[in-house]
Amino acid sequence: MTTNKSRTRGRPRRFDPEAAVATAQRLFHARGYDAVSVADVTDALGINPPSFYAAFGSKVGLYQRVLDHWTDTEAIPLADILRADVPVATALAAMLEDAARRYASDPAAGGCLVLEGTRCTDDGAREAALTLNLGAESFIRDYIAARHPEAAEEAADFVSTTMSGLSAKARAGYDLPRLLATARLAGRVLAQILPA
């Protein structure tokens, strides 16, 4: 019996872990950590489970790599936006608007990968996302405290809560104009509590 399928000669295509991380990032961002199975990942990558486990160790191991990749490529550049030469409220308002734009940039994967990951049910994945989230919150709080120490805790909590809300609403389908309206309203509040 013969078939018309052609076979390629030589070694099979090599598995590229970095490309795999980018693919997995899209899956986790679109569906959330809990809704993505190892089978979903191996199917998307065109690899078998042993190759997956050899490369990443576990689903949580892959998620940690995804979070690292996200931090390097798509996270809000806090240090670039929250600068010492910009009034605190102005910088925070710019950060919130940047967040709104990023969270609404892909309708299939709205919101923030990290913030949404803080709500997953897997302890290891949730802890990995929380670590990044708490680091960002600390950075924001320290930035505010450098010029407004008396308001740092309250303002940082307000900013963090606003960002979580923007992420959740983007995930629920809010469009960019609506998210920006919220970010701008929050910016006006910040200007009142953090005068230049």
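# Helices that cross

Helix H3 passes helix H4 in a left-handed crossing. A crossing is left-handed if the near helix is turned anticlockwise from the far one by less than a right angle, and right-handed if it is turned clockwise. Phe52, Ala55 and Phe56 of H3 make the contact with Lys59, Gly61, Leu62 and Arg65 of H4 (contact means heavy atoms within 4.5 Å).

Before going on, here is how to read the values. This is a predicted model, where local features need pLDDT of at least 70 and side-chain atom pairs count only at pLDDT 80 or more, while totals for chains, interfaces and linings use all residues. Residues are numbered from 1 along each chain as its sequence is written, and side-chain values use heavy atoms, with hydrogens and water left out.

**The whole chain.** The protein chain has 10 helices and zero strands (DSSP runs numbered from the N terminus: helices are H or I with at least four residues, strands are E with at least two). Its C-alpha atoms fill a box of roughly 80 × 30 × 30 Å along the principal axes. Of its 196 residues, 41% count as buried (buried is under 20% relative accessible area, exposed is over 50%, and partly exposed is in between, with a 1.4 Å probe and protein chains only). Among contacts with a separation of 6 or more, 70% come from residues 24 or more positions apart.

**How H4 meets its partners.** How do H3 and H4 lie against each other? Their axes come within 8 Å and cross at roughly 55°. That angle makes H3 oblique to H4. The axes of H4 and H8 (residues 123-145) come within 9 Å and cross at roughly 20°. H4 is therefore roughly parallel to H8, and H4 passes H8 in a right-handed crossing. Here the contact joins Val60, Tyr63, Gln64, Leu67 and Thr71 of H4 to Gly124, Ala125, Ala128, Ala129 and Leu132 of H8.

Axes are lines fitted to C-alpha atoms, for helices over the stretch in contact, and angles run from 0 to 180 degrees between N-to-C directions. Under 35 degrees counts as roughly parallel, over 145 as roughly antiparallel, 65 to 115 as roughly perpendicular, and the rest as oblique.

**Helix H1.** H1 covers residues 17-31, and its end C-alpha atoms are 21 Å apart, in agreement with the 21 Å expected for 15 residues at 1.5 Å a residue (the expected span is 1.5 Å times one less than the number of residues). At its start, a side-chain oxygen of aspartate 16 reaches to within 3.1 Å of the backbone nitrogen of glutamate 18. After H1 comes glycine 32, with a positive phi near 95°. The buried residues of H1 include Ala20, Ala24, Leu27 and Phe28. Helices H2, H3, H4, H7 and H9 are among what covers the buried residues of H1.

**Two serines.** Which of these is buried, and which is partly exposed?

| Serine | Helix | Relative accessible area | Class |
|---|---|---|---|
| Serine 167 | H9 | 0% | buried |
| Serine 51 | H3 | 30% | partly exposed |

A polar atom of the serine 167 side chain lies 2.8 Å from the backbone nitrogen of cysteine 112. Leaving out residues up to four places away in sequence, serine 167 touches Tyr103, Gly111, Cys112, Leu115 and Glu116. The side chain of serine 51 makes a polar contact with that of asparagine 48, at 2.9 Å (a pair of N or O atoms within 3.5 Å; within protein, one must be able to donate a hydrogen and the other to accept it, and residues adjacent in sequence count only if both atoms are side-chain atoms). The C-alpha atoms of serine 51 and alanine 84 are separated by 47 Å, and the two are 33 residues apart along the chain.
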